[in-house]
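Please open the model in your viewer and keep the sequence panel beside it, since the stops below are given by residue and by helix.

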Amino acid sequence: MQRLFSTFPGGWPGVGLLLLRATVGVSLAVLSGAALADHEHATGTQWALGAIALLTAASLLLGFLTPLAGVVAGSCGVAVALSLLPWAESNLICRVSVVSVVVMAADVILLGPGAYSLDARRFGRREIYIPNSPHPPKS
């Protein structure tokens, strides 16, 4: 993960990335809830895709494996926008909002998770402290 992103910005940029991840994650959780709520016409594929969307939403909210979760979120959004998934709405407003989620997922992929994420805790830069030697070096 550290090779993908050279920094994990903190402060206000980190808060902005947290809000971006949260927006995509909550939108994807709502989408998965719509997929899993249809008990009458639910298929195995619909349950599997809903579960994948829910796990991806949780991953984005926590900031765990953010680039992979962003790719999956964007793919789910594209599938809904193209009405490839069984629970996709046919109205235009839903499709436009899904396109905005896809764009935000692309932003998450390109910008990274930020300092307020599990990725930053696991893969962020570390500061190595080397204590001074109590004895001077012998020459």
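Begin by selecting S117 and displaying its surroundings: leaving aside neighbours within four places in sequence, S117 is in contact with R21, L62 and G63. Bear in mind throughout that this is a predicted model. S117 itself belongs to the loop between α4 and α5 (118-123), and with a relative accessible area of 6% it counts as buried, because the limit for that class is under 20%.

From S117, step across to its partner G63, which follows just after α2 and takes a positive phi of about 75°. Then select the whole of α2 (44-62), a helix of 19 residues that reaches 27 Å from its first C-alpha to its last, close to the 27 Å expected at 1.5 Å a residue. Along α2, colour the buried positions, which are Q46, G50, A53, T56, A57, S59 and L60.

L60 leads into the interior, as one of the residues with the most contacts inside the largest nonpolar core, together with V24, L28, A73 and V108. That core has 15 residues, and the elements that give two or more residues to it are α1 (11-37), α2, α3 (66-81) and α4 (92-111). Centre the view on A73 next: apart from neighbours within four places in sequence, A73 is in contact with V24, L28, T56, L60 and A105.

Finally, turn to the surface and select V26, V30 and L61, which make a nonpolar patch of about 260 Å². Of these, V26 is placed in helix α1 and is partly exposed, with a relative accessible area of 46%.

Conventions. Residues numbered from 1 in each chain as written. Predicted model: local features only at pLDDT ≥ 70, side-chain atom pairs only at ≥ 80, totals over all residues. Heavy atoms only, no water. Core = buried A, V, L, I, M, F, W, Y, C linked by side-chain atoms within 4.5 Å. Buried < 20%, exposed > 50% of the residue type's maximum accessible area, 1.4 Å probe, protein only. Helix = DSSP H or I, 4+ residues; strand = E, 2+ residues; numbered from the N terminus. Contact = heavy atoms within 4.5 Å. Expected span 1.5 Å × (residues − 1). Patch = residues over 30% accessible without salt bridge, like charges linked within 9 Å, V, L, I, M, F, W, Y side chains within 5 Å. Areas by Shrake-Rupley, 256 points an atom, 1.4 Å probe, with all protein chains shown as cover. Salt bridge = Lys/Arg side-chain N within 4 Å of Asp/Glu carboxyl O.
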